[in-house]
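Work through the exercises below with the sequence and the model at hand. Each task is followed by a solution in steps.

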Amino acid sequence: MVQPTNNRIILCGTATENPIFSHEVFGESFYIFKLEVKRLSGQSDILPIMISERLVLNEDIIMGKRYLIEGQLRSYNIITDNKSKLQLQTFAREISIDETGDDINQIEFNGFICKTPVYRVTPFAREIADVLIAVNRAYGKSDYIPSICWGRNARYCQQLNVGDSIHIEGRLQSREYQKKLDDNSIINKIAYEVSVSKLSVDKDENKELCEE
């Protein structure tokens, strides 16, 4: 199967759970499970995978087994407590058993900047820029992908504008953080974002403004 060129992700790792039913669309059931992908540092990203029943029937997904997955990174708006929250999931188009033992985490996509990039410097003098990118999908839909740039790429993002066409290469990462609630209690949450290793911008291309 030929993968879309404007949004492609390849993951290889270990299933941390068996698939759980998510929803049904036009009679087709979809399931979700988590995949653990190790970094070179030894840390791991625990990433949500959405998979059609058609792929599940072709390949049993079993906790503890290793899989190679190719697909797209997609975003969904989830309503909780009357608030809309952006949720990222890898939509699997192909899946196979991995026999190499090598973890892989690669993503590449083309899109348009939706919000003015936010540049900052951490207390440890590390330069970071947060960029939200809209990636076109079929049937007039778009996926909104939070991305984080580092160092020179972060500095470069300061000159970018809403509507700039951008090409991104990097990896999908999970990040744990704590959120303080109204009653002062604290809960642990997980955010997903693309850690950018390479980017390029075509400012001469016709601009398309994106709204979340």
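## Exercise 1: Ile128 and its surroundings

Ile128 sits in strand E9 (residues 127-136), where strands (E, at least two residues) and helices (H or I, at least four) are DSSP runs numbered from the N terminus. The model is predicted: local features need pLDDT of at least 70, side-chain atom pairs count only at pLDDT 80 or more, and totals for chains, interfaces and linings use all residues. Residues are numbered from 1 along each chain as its sequence is written, and side-chain values use heavy atoms, with hydrogens and water left out.

Task: Determine whether Ile128 is buried or exposed, and list the residues with which Ile128 is in contact.

Solution.
Step 1. The relative accessible area of Ile128 is 6%, so the residue is buried; buried means under 20% relative accessible area, exposed over 50%, and partly exposed in between (1.4 Å probe, protein chains only).
Step 2. Contact means heavy atoms within 4.5 Å. With neighbours within four places in sequence left aside, Ile128 is in contact with Val118, Tyr119, Arg120, Thr122, Ile148, Cys149, Trp150 and Ala154.
Step 3. For Cys149, the C-alpha to C-alpha separation from Ile128 is 5.6 Å, and the two are 21 residues apart in sequence.

## Exercise 2: The cysteines

Task: Explain why Cys149 is not bonded to the closest cysteine sulfur.

Solution.
Step 1. A disulfide is a covalent bond between the sulfur atoms of two cysteines. The criterion here is a pair of cysteine sulfur atoms within 2.5 Å.
Step 2. The closest cysteine sulfur to that of Cys149 belongs to Cys157 and is 3.7 Å away, which is too far for a bond.
Step 3. Cys157, whose nearest cysteine sulfur is that of Cys149, is likewise in no disulfide. The count by this rule is zero disulfides.
Step 4. Cys149 is buried, at 1% relative accessibility, and Cys157 is buried, also at 1%.

## Exercise 3: The largest nonpolar core

Task: State which residues touch the most other members of the largest nonpolar core, and which strand gives the most to this core.

Solution.
Step 1. A nonpolar core is a set of buried Ala, Val, Leu, Ile, Met, Phe, Trp, Tyr and Cys residues joined through side-chain atoms within 4.5 Å. In soluble globular proteins, nonpolar side chains tend to be buried together.
Step 2. The largest core has 38 residues, and Phe33 and Val194 touch the most other members. Strand E12 (residues 186-202) gives the most, with five residues.
Step 3. Beyond four places in sequence, the contacts of Val194 include Leu73, Ile107, Phe109, Ile145 and Ile168.

## Exercise 4: Pairing of strand E12

Task: Find the sense in which E12 pairs with E10 and with E11.

Solution.
Step 1. Two strands pair if DSSP finds at least two bridges between them.
Step 2. Strand E10 (residues 142-150) runs parallel to E12, joined by two bridges. Ser147 is opposite Val194 of E12.
Step 3. Strand E11 (residues 165-180) pairs with E12 in the antiparallel sense, over 16 bridges. Arg175 has Ala191 in E12 as its bridge partner.
Step 4. Five residues lie between the strands of the E11 and E12 hairpin, where Asn184 takes a positive phi near 75°.

## Exercise 5: Two polar side chains

Task: Identify the backbone nitrogen that lies 3.2 Å from a polar side-chain atom of Ser174, and the one 2.8 Å from a polar side-chain atom of Asn18.

Solution.
Step 1. Ser174 is in strand E11 and is buried, with a relative accessible area of 14%.
Step 2. The backbone nitrogen in question for Ser174 is that of Ile46. Among the residues that Ser174 touches beyond four places in sequence are Arg39, Ser44, Asp45 and Tyr192.
Step 3. Asn18 lies in the loop between strand E1 (7-15) and strand E2 (20-25); at 42% relative accessibility, Asn18 is partly exposed.
Step 4. For Asn18, the backbone nitrogen is that of Met63. Asn18 also touches Ile32, Phe33, Ile61 and Ile62.

## Exercise 6: The whole chain

Task: Give how many helices and strands the protein has, and what share of its residues is buried.

Solution.
Step 1. There are two helices and 12 strands, in the order β-β-β-β-α-β-β-β-β-β-β-α-β-β.
Step 2. Buried residues make up 42% of the 212 residues.

Technical notes
A polar contact is a pair of N or O atoms within 3.5 Å; within protein, one must be able to donate a hydrogen and the other to accept it, and residues adjacent in sequence count only if both atoms are side-chain atoms.
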